[in-house]
Amino acid sequence: LDPFGKTYMWALAHHEFGGYHRPFSLGTDDRLSDLDPSSADYWLELWIATYRWLKETAPNNSQFESYEALCSDPQVWQRIAESYGVRSAADDTEVFALANHASLPELDTDRLSYAMELYEDITSKAISA
């Protein structure tokens with residue numbers, strides 16, 4: 001980032017990534033300290049820590065929606081909007097699109113397997129499920 005961008009992101013407390021990156025303090029064990037922030041495994045472990053914390057602390061009536069379902073089925077966004085009493089325009093669904101991924105970086109297979117299990121678990125109670 002340029003100097004303005006760094007100052008601006010610092011002022012907004014956006015430390016999720018970039019030059020001023022600081023991992024979230026989630027009260028969980030610190031597996032991140034053993035990983036290099038320039039590695040894909042670091043970011044996967046950060047995702048795991050974040051979503052594990054969300055799963056453990058979210059109110060019982062919380063729902064986590066699959067982004068894939070949101071992108072592939074226009075009715076998913078409409079059902080989400082309806083469940084919260086929010087009006088949804090017919091063209092709202094066009095803003096959701098899956099990114100094209102040429103290839104995934106090399107990842108620790110146990111970590112990736114756990115992340116996939118966690119993802120399946122938290123999205124199993126989704127509106128689209």
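**Exercise 1. What does the accessible surface of the protein come to, and what share belongs to carbon and sulfur atoms?**

Before solving, some ground rules: this is a predicted model, where local features need pLDDT of at least 70, side-chain atom pairs count only at pLDDT 80 or more, and totals for chains, interfaces and linings use all residues. Residues are numbered from 1 along each chain as its sequence is written, and side-chain values use heavy atoms, with hydrogens and water left out.

Step 1. Take the total: the accessible surface is about 9400 Å² (Shrake-Rupley method, 1.4 Å probe; for residues, only the protein chains shown count as cover).

Step 2. Split by atom type: 55% of that surface belongs to carbon and sulfur atoms.

Step 3. Now go by residue: of the 129 residues, 25% are buried (buried is under 20% relative accessible area, exposed over 50%, partly exposed in between, with a 1.4 Å probe and protein chains only).

**Exercise 2. Work out the fold pattern and say how far apart in sequence the contacts reach.**

Step 1. Count the elements: there are five helices and zero strands (DSSP runs numbered from the N terminus; helices are H or I with at least four residues, strands E with at least two).

Step 2. Read along the sequence and you get α-α-α-α-α.

Step 3. Take contacts between residues at least 6 apart in sequence: 57% of them join residues at least 24 apart (a contact means heavy atoms within 4.5 Å).

**Exercise 3. Find where the buried residues of α4 sit around its axis, then look at what flanks the helix.**

Step 1. List them: in α4 (residues 74-83), Val76, Ile80 and Ala81 are buried.

Step 2. They cover an arc of only 130 degrees around the axis, which puts them on the same side of α4 (the arc is that of the directions from the helix axis to the C-beta atoms). Here's the background: an α-helix has 3.6 residues a turn, so residues three or four places apart point the same way.

Step 3. Look for the cover: α3 (67-72) is included in what covers these buried residues.

Step 4. Check the ends. Asp73 caps the N-terminal end of α4, with a side-chain oxygen 3.0 Å from the backbone nitrogen of Gln75. Just after the helix, Gly85 takes a positive phi of about 70 degrees.

**Exercise 4. Trace the salt bridges and say which parts of the chain they tie together.**

Step 1. Apply the rule (a side-chain nitrogen of Lys or Arg within 4 Å of a carboxyl oxygen of Asp or Glu), and the count comes to four.

Step 2. Arg111 and Asp41 pair at 3.5 Å, N to O. Arg111 lies in α5 (residues 109-123) and Asp41 in α2, so the pair ties together parts that are 70 residues apart in sequence. Arg111 is buried at 17% relative accessible area, and Asp41 is buried at 17% too.

Step 3. Asp121 and Lys55 pair with their closest N and O atoms 2.3 Å apart. Asp121 is in α5 and Lys55 in α2, so this bridge ties parts 66 residues apart in sequence. Asp121 is partly exposed at 28%, as is Lys55 at 43%.

Step 4. The capping residue Asp73 turns up again: Asp73 forms a salt bridge with Arg79, closest N and O atoms 3.7 Å apart. Shared partners also join Asp41, Glu45 and Arg111 into one salt-bridge network.

Technical notes:
A polar contact is a pair of N or O atoms within 3.5 Å; within protein, one must be able to donate a hydrogen and the other to accept it, and residues adjacent in sequence count only if both atoms are side-chain atoms.
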